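Student: Please take one residue of this protein and go through its surroundings closely. Then set it against the chain as a whole.

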Amino acid sequence: MAKKILTTPIQKSDLEGIKSGDVIYLTGHITTSRDMGHRRVVEEGKTLPVDVKDGAILHAGPIIRTISDNEFEVVSVGPTTS
């Protein structure tokens with residue numbers, strides 16, 4: 001098992017040699033998305049509201065608390081089983 005640190009923007013060469021079981025640390029611009037977000041992009045051809053080119057999408061289940069009309073607070077974020 002190897003350890004690797006990735007920083008966005010991620011280049012194809014950064015991913016070479018990664019194997020199942022390796023520990024990957026990820027830093028930089030990371031976007032979270034749940035299953036419906038992925039489904040809308042793949043099945044419905046919609047675009048994401050953020051640019052994820054050379055970035056990372058963490059398939060996660062965030063819990064968000066509304067503070068006001070335009071203000072939100074992340075309570076917690078946990079990875080999903082995917």
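Tutor: Take R40, which sits in helix α1, the stretch covering residues 35–42. The model is a predicted one, and what follows is computed from it. R40 has a relative accessible area of 40%. That value lies between the 20% limit for buried and the 50% limit for exposed, so R40 is classed as partly exposed. Leaving aside residues up to four places away in sequence, R40 touches G45 and K46.

Now the chain around that helix. The protein has 1 helix and 5 strands. Their order along the sequence is β-β-β-α-β-β.

Next, the overall dimensions. The radius of gyration of the protein is 15 Å, whereas a compact globule of 82 residues would be near 12 Å. Along the principal axes, the C-alpha atoms occupy a box of roughly 45 × 30 × 25 Å.

As for burial, 12% of the 82 residues count as buried; R40, being partly exposed, is not one of them. The protein exposes about 6,600 Å² in total, and 53% of this area comes from carbon and sulfur atoms.

Contacts across the sequence can be put in one figure. Of the contacts between residues at least 6 apart in sequence, 30% link residues at least 24 apart.

Last, charge. The protein carries 10 positive and 11 negative charges, and the mean positions of these two sets lie 5 Å apart. Arg is counted as positive, so R40 belongs to the positive set.

Terms used
Residues are numbered from 1 along each chain as its sequence is written. This is a predicted model: local features need pLDDT of at least 70, side-chain atom pairs count only at pLDDT 80 or more; totals for chains, interfaces and linings use all residues. Side-chain values use heavy atoms; hydrogens and water are left out. Helices (H or I, at least four residues) and strands (E, at least two) are DSSP runs, numbered from the N terminus. The radius of gyration is taken over C-alpha atoms; the globule rule is 2.2 Å times the number of residues to the power 0.38. Buried means under 20% relative accessible area, exposed over 50%, partly exposed in between (1.4 Å probe, protein chains only). Contact means heavy atoms within 4.5 Å. Accessible areas come from the Shrake-Rupley method with a 1.4 Å probe; for residues, only the protein chains shown count as cover. The place of a charge is taken as NZ of Lys, CZ of Arg, CG of Asp or CD of Glu.
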